[in-house]
Each structure stands twice: as structure tokens, then as C-alpha cells.
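Q: Please take a close look at one part of this model, the largest pocket and the aromatic rings around its lining. Once that is described, set it against the chain as a whole.

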Amino acid sequence: MLISRLTVLFLLVSTLILGSCASGYQRLLKSTDVNKKYEAAVKYYDKGDFFRAGTLLEDLIPLLKGRPEAEKAQFYFANTNYKQRNYVLSAFYFKSFTDTYPNSDYAEEASYLHAKSLFLDSPGYELDQTNTISALESIQDFLNRYPESKFRTETDNMAQELQKKLENKAFESAKLYYQLRYNQAAVVALTNFQLQYPASAYAEQAAFLRLTAQYAWAQESIESKQKERFQDAVAFYQQFIDAYPKSKNLKAAQDMYDVSLAQIAKLKALPTAATN
């Protein structure tokens, strides 16, 4: 019975305290006292209550123009959005901050957090990568501006992760042409991938798929185009075995090579080639 009464008393006290805090916060929202509101916003921020701090700061920023507190208020407001994972907003407000206060003590961190916001907003590789490219550009701008930054290691790691995402996107897009049997487009896309990402983990697979797509394209071509396209298949085979002499796909590659050579010999023996 005593425990039950104590529990009820605790709940009542907690409710009164929370109600008092909430009503105090509501009064602050309606308050026109800029100094009081600013002090409260900073206290909320320091306690990690970024929602309340951000709400108060958003109201305060227009009122603090021209005052020394404006700089800190704008940085804190951008960071409240970052802490709440509103990365599109935090990227916007950190960029706005560095444009307004390029020489601020907060400028380096704001520039870094702008880049990191874009990094965290970057989608999976299977989606459109416009945001990923923007994040990479922002990281490069940061590194150009602050080459000795304490955030250098992390930004380098972010850039590598984003580059890997673009690499995955490029390979999967090229492979899709192959899977759909758009063989000419697959050859072009896979060639471009090899040129852009020569050290990729997908390099061997890309080389084999390019050979396979070229071979299929030669087979489905009209007779007047086959000789040249089978010759390209032979060249792709030679590049493939030079680069990957121990590939698990050597037998399949050899078979395509042998057929290509036989087709070239057959086409050379024809008295006239079709001209279409």
C-alpha cells in the first residue's frame, strides 16, 4: 500500500515538473524578450535538447541581425538541424553560414558539416546519384580550403565511400545493358567503365562481360559488319587473358575466341560480303 502511494506521488510530482517545463517553454516561444529567449535557446542547446533550441533560434535569427550573438545563433541553428538528422536543411544552413561568415571561428566546422550533411543525404547506389556528386564537390571544396584540417581523415573516408557508390552505380548500369541484351550499348558502357575505374573490384567482370557482349553483337550483326566485330571480340579476348590469366572465365572466353577466329576465316573466304 505504501509503495502504491509513493508511486502515485512520484507520478504527480513528475507531471507537475514536466507541465511546468512545458509551460515555461511555451511562454518563451511567445516572449518578445530577445535576450531571455537567446539565453534559453543556448541552454537547451547545451543540454542536447536540439528541437527546442532550434525552434527558439529560428524565431531569433531575424531579430539578432547586426548583433554579436547572430553568428553563434546561426551556427547553432544549422547544427540543431544536423543533430536532428534534417540533413537537407542542415546542408542549406551550414552553407548559408559559411557564405555569411567566411572568417568565423566556426567556419571550418560549418564547412565540414555542410559536406557531411550532403554525404549523409546521399542515396543508395541504385538511385540517382546527383546528390552524391554534389557531396563529392563539397568535400573537395572543403579540402581545398582546409588542407590541414583536423577533419581531413574523415572527409577523405567520406570521399572514398562516395566514389565507391558512383563506381557501383556505373558498373550496375553497364551490366544492365548486358542483361537486357543491348549488346552494342553494353560494349560502350563497359568500355567507359573500364576507362573510368581501371582499378575497380569489378574490373575483371567488366572485361569479361564486354567480351561476351561484343561476341554476341558480332553474331547478331549483318554479314557485312561481322568480320570487324568478331575482330574486336578477338582483341577484347587478348586484353582479357593478358590482364586476368587465372580468371575462372578463361574457358568461356577461349570458346568465344575460337568461334570468332573461325568466323573471321569463313568471312574472308567469301567472294563478296553483303552490303547492307
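A: The answer below begins with the chain, moves on to the pocket, and then follows the rings and a few single residues.

This is a predicted model, in which local features need pLDDT of at least 70 and side-chain atom pairs count only at pLDDT 80 or more, while totals for chains, interfaces and linings use all residues. Residues are numbered from 1 along each chain as its sequence is written, and side-chain values use heavy atoms, with hydrogens and water left out.

The protein chain has 12 helices and zero strands, where helices (H or I, at least four residues) and strands (E, at least two) are DSSP runs numbered from the N terminus. Its radius of gyration is 31 Å, whereas a compact globule of 276 residues would be near 19 Å; the radius is taken over C-alpha atoms, and the globule rule is 2.2 Å times the number of residues to the power 0.38. Along the principal axes, the C-alpha atoms fill a box of roughly 100 × 60 × 35 Å. Of the 276 residues, 40% count as buried, meaning under 20% relative accessible area, with exposed over 50% and partly exposed in between (1.4 Å probe, protein chains only).

The largest pocket holds about 180 Å³ of space. A pocket here is found on a 1 Å grid over the protein atoms alone, as an open set of points where a 1.4 Å probe fits, with protein on both sides within 12 Å along at least five of seven lines, and lining residues have an atom within 4 Å of a point. Grid points are joined across faces, edges and corners, and the volume is the space filled by probe spheres set on the points. The lining consists of Phe94, Lys95, Thr98, Asp99, Ala110, Ser111, His114, Ser134, Ser138, Asp141, Phe142 and Arg145. Helix H5 (87-100), H6 and H7 each supply at least two residues of it, and H7 gives the most, with five. By class the lining has three nonpolar, five polar and four charged residues, where Ala, Val, Leu, Ile, Met, Phe, Trp, Tyr, Cys and Pro count as nonpolar, Asp, Glu, Lys and Arg as charged, and the others, Gly among them, as polar.

The second largest pocket, with about 150 Å³ of space, offers a point of reference. Its lining is made up of Leu28, Lys36, Glu39, Ala40, Lys43, Tyr44 and Lys47, of which helix H2 (residues 34-46) gives the most, with five residues. By class that lining has three nonpolar, no polar and four charged residues.

Turning to the rings, the structure holds 22 aromatic pairs; rings of Phe, Tyr and Trp (its six-membered ring) pair if their centres lie within 6.5 Å, and planes under 30 degrees apart count as stacked, over 60 as edge-to-face and the rest as tilted. Phe142, one of the residues lining the largest pocket, forms a tilted pair with Tyr112, at 6.2 Å centre to centre and 50° between the planes. Because Tyr112 lies in helix H6 (residues 107-121) and Phe142 in helix H7 (residues 130-145), the pair ties together parts that are 30 residues apart in sequence. Tyr112 is buried at 6% relative accessibility, and Phe142 is buried as well, at 1%. Another pair, Tyr237 with Tyr257, counts as stacked because the ring centres are 4.2 Å apart and the planes stand at 20°. This pair links helix H11 (residues 223-243), which holds Tyr237, with helix H12 (residues 250-269), which holds Tyr257, 20 residues apart.

Phe94, also in the lining of the largest pocket, belongs to one aromatic cluster with Tyr45, Phe50, Phe75, Tyr76, Phe97, Tyr101 and Tyr106. Elsewhere, Arg210 places its charged end over the ring of Phe236, 3.7 Å from the centre, and Arg52 lies over the face of Tyr25 at 4.8 Å from the ring centre; a charge sits over a ring if NZ of Lys or CZ of Arg is within 6 Å of the ring centre and within 35 degrees of the ring normal.

One backbone detail concerns the loop between helix H4 (69-83) and H5, where Arg85 lies. Arg85 has a positive phi near 65°, although it is a residue other than glycine, and it is exposed, with a relative accessible area of 65%.
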